[in-house]
Amino acid sequence: MSNRTFTLAEGQPVADPSVSTTLPTFGGGGLTTLGDTLLIEVLSHFNRERIPERVVHAKAAGAWGEFEVTNDISSLTSAKFLNGVGKKTPILFRLSTTGGEKGSADTVRDVRGFSVKFFTEEGNHDIVGNHIPVFFVRDPVRFPSLNRSHKRHPATNRPDWTMFWDFHANQPESVHALMHLFGTRGIPDSIRRVTGFGVHTFKMVSADGGFRYCKFHFRPTQNTTHFSDQEATRMAGANADFHTQDLWDAIARGDLPVWKLYVQIMEPEQAETYGRALFDITKVWPHKDFPLIEVGQMTLNKNPENYFAEIEQAAFSPSNMVPGIAMTPDPMLQARMFAYPDAQRYRLGVNYTQLPPNRAICPIYAPFERDGMGTMTRNYGGDPNYVRSSLGTGVPSQIVSNVRHTERIERNAILGQNEIPVDDEDFLQPRELWNRVFDECERRKWVANVSETLEDVPDQLRDAVATMFSKVDPRIGQLLDAKAKNSSRL
Ligand code: HEM
């Protein structure tokens, strides 16, 4: 690297950036003055170098990579980045914990966020998913409350299991996500080996305008592996950035992490009678009914050169969709399509789309969004800044999205209802998980993991939690009760 002369922020040469200027005075001593532009620039920039961290998913690692199509699905979607075996698309990846702050430990029991930005020729497409297939709530108005109950108590400023369980015992639609969270999956031992789920139901739209419902799944090509509670707790103290380091070191030594991308597809005719699980993100679509179809593979191949610029300033959003993939009436998805860009305008400023990690690689022409703090482009020069001008050069896109947004579903998909009451159906898939997916060892660990969190919870709430899980399987309630009795005898 060639030597570079130090300067001020606007380029004036600086002799020594480690020495501030003092004006000598007659009689000895010196004054530091307002004329010391170096000192003033350095101090005032320092005072402004923090930006708000993400309100959730603040702690993360990220990297650049590439997505390659391995199976042509052009019959399902017109999205160009998914068409043609061998087609490559640059991507940006970010893997986060949910509840902890930016400086918190990596190896905690938590849902991991799994974000991928595809820089396609038709604009950016983001999959902003999680490492478990289901979510805690299905009404977006509960999302802030959910997260506060997992974060710090307003008085003690500490995470608080009483608050956590108080939320969940009264919002038992979260039971399926809780089954996953307290299973082995809850503490991955490496970012390179986590699964990623788009979670929501999206639409794939083909060139003729027909659509099918779909879900996205990323699977690591290495086996998923996990930490025990004890290993994770030790590591959280020994190296709070263990996952961040593991990802960085692997990429640096050329041991590149790879995930396969799959989709599940549901025909609109199947959706007509599928019921509420179609758009309810506390439910999965069983693989036996909707098998995984391979689409491509994602390889991470480059560490960021600067974490703040490239990862902290990254703005992922479920609203970033390219033609060929479309939204559905899932109320959580709809709310997220508003919430992310809104959060990013606050966190990064109104022109966050111009920042390097968010800038599309295709031509952008959005002359009706201009000016504002931090404009970094030529800001469309003198082009008309009002619509339907005869003087402008903008032309309509030829790729008109002809998706029909009439959902073909039966009435009991219950989309018109504000609250979908929790009923027996909510316990079916958690029961499957407990009985068929978990083995006895996993069941024992699950009970131990939950029991630990219940130790300081008031009796009444502990009973409510046991009652909730008894609806998954009466044995869970009995095991939780037995553990509670044992620990109170000690
Ligand atoms: C109504 C429901 C939800 C709301 C309102 C919501 C809101 C938010 C907000 C405001 C952020 C911070 C964005 C930023 O500052 O850049 C965020 C981050 C995130 N959320 Fe959600 N969220 C919701 C549900 C979900 C669900 C269901 C998933 C997974 C399927 C999810 C995954 C993520 C991920 C991965 C991030 C981190 C994005 C990144 O890497 O920068 N969220 N969420």
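This is a short talk on two annotated residues and the shell around the ligand.

Okay, so one thing up front: we're looking at a predicted model. The starting point is the UniProt record, an unreviewed entry, whose "active site" annotation covers His 57 and Asn 130. The two are spread over 74 residues of sequence, yet in space they cluster, with a largest C-alpha distance of 10.5 Å.

Let's take His 57. You'll find His 57 in a loop, the one between helix H1 (37-47) and strand E3 (60-69). Is His 57 buried or exposed? It's buried, because it has 23 C-beta neighbours inside 10 Å, and the cut-off for buried is 20 or more. If you skip the residues within four places in sequence, His 57 is in contact with Ser 96, Thr 98 and Gly 113.

Now Asn 130. That one belongs to strand E6, residues 123-130. Asn 130 counts as buried too, since 24 other C-beta atoms lie within 10 Å. Leaving out residues up to four places away in sequence, Asn 130 touches a list that includes Gly 113, Phe 135, Phe 197 and Val 199. So Gly 113 turns up in the contacts of His 57 and in those of Asn 130.

On to the ligand. Which of the 29 residues around the ligand come nearest? They are His 57, Gly 113, Ser 115, Pro 140 and Val 199. The elements giving two or more residues to that shell are strand E4 (88-96), strand E5 (113-120), E6 and helix H9 (331-348). H9 gives the most, with eight residues. As for chemistry, the shell divides into 18 nonpolar, seven polar and four charged residues.

Key
Residues are numbered from 1 along each chain as its sequence is written. This is a predicted model: local features need pLDDT of at least 70, side-chain atom pairs count only at pLDDT 80 or more; totals for chains, interfaces and linings use all residues. UniProt positions are given in the numbering used here, feature names are shortened, and annotations may be inferred rather than shown by experiment. Helices (H or I, at least four residues) and strands (E, at least two) are DSSP runs, numbered from the N terminus. A residue is buried if 20 or more other C-beta atoms lie within 10 Å of its own, exposed if 12 or fewer, and partly exposed in between; C-beta atoms are placed from the backbone. Two residues are in contact if their C-beta atoms, placed from the backbone, lie within 7 Å. A residue is near a molecule or strand if its C-beta atom, placed from the backbone, lies within 6 Å of it. Ala, Val, Leu, Ile, Met, Phe, Trp, Tyr, Cys and Pro count as nonpolar, Asp, Glu, Lys and Arg as charged, and the others, Gly among them, as polar.
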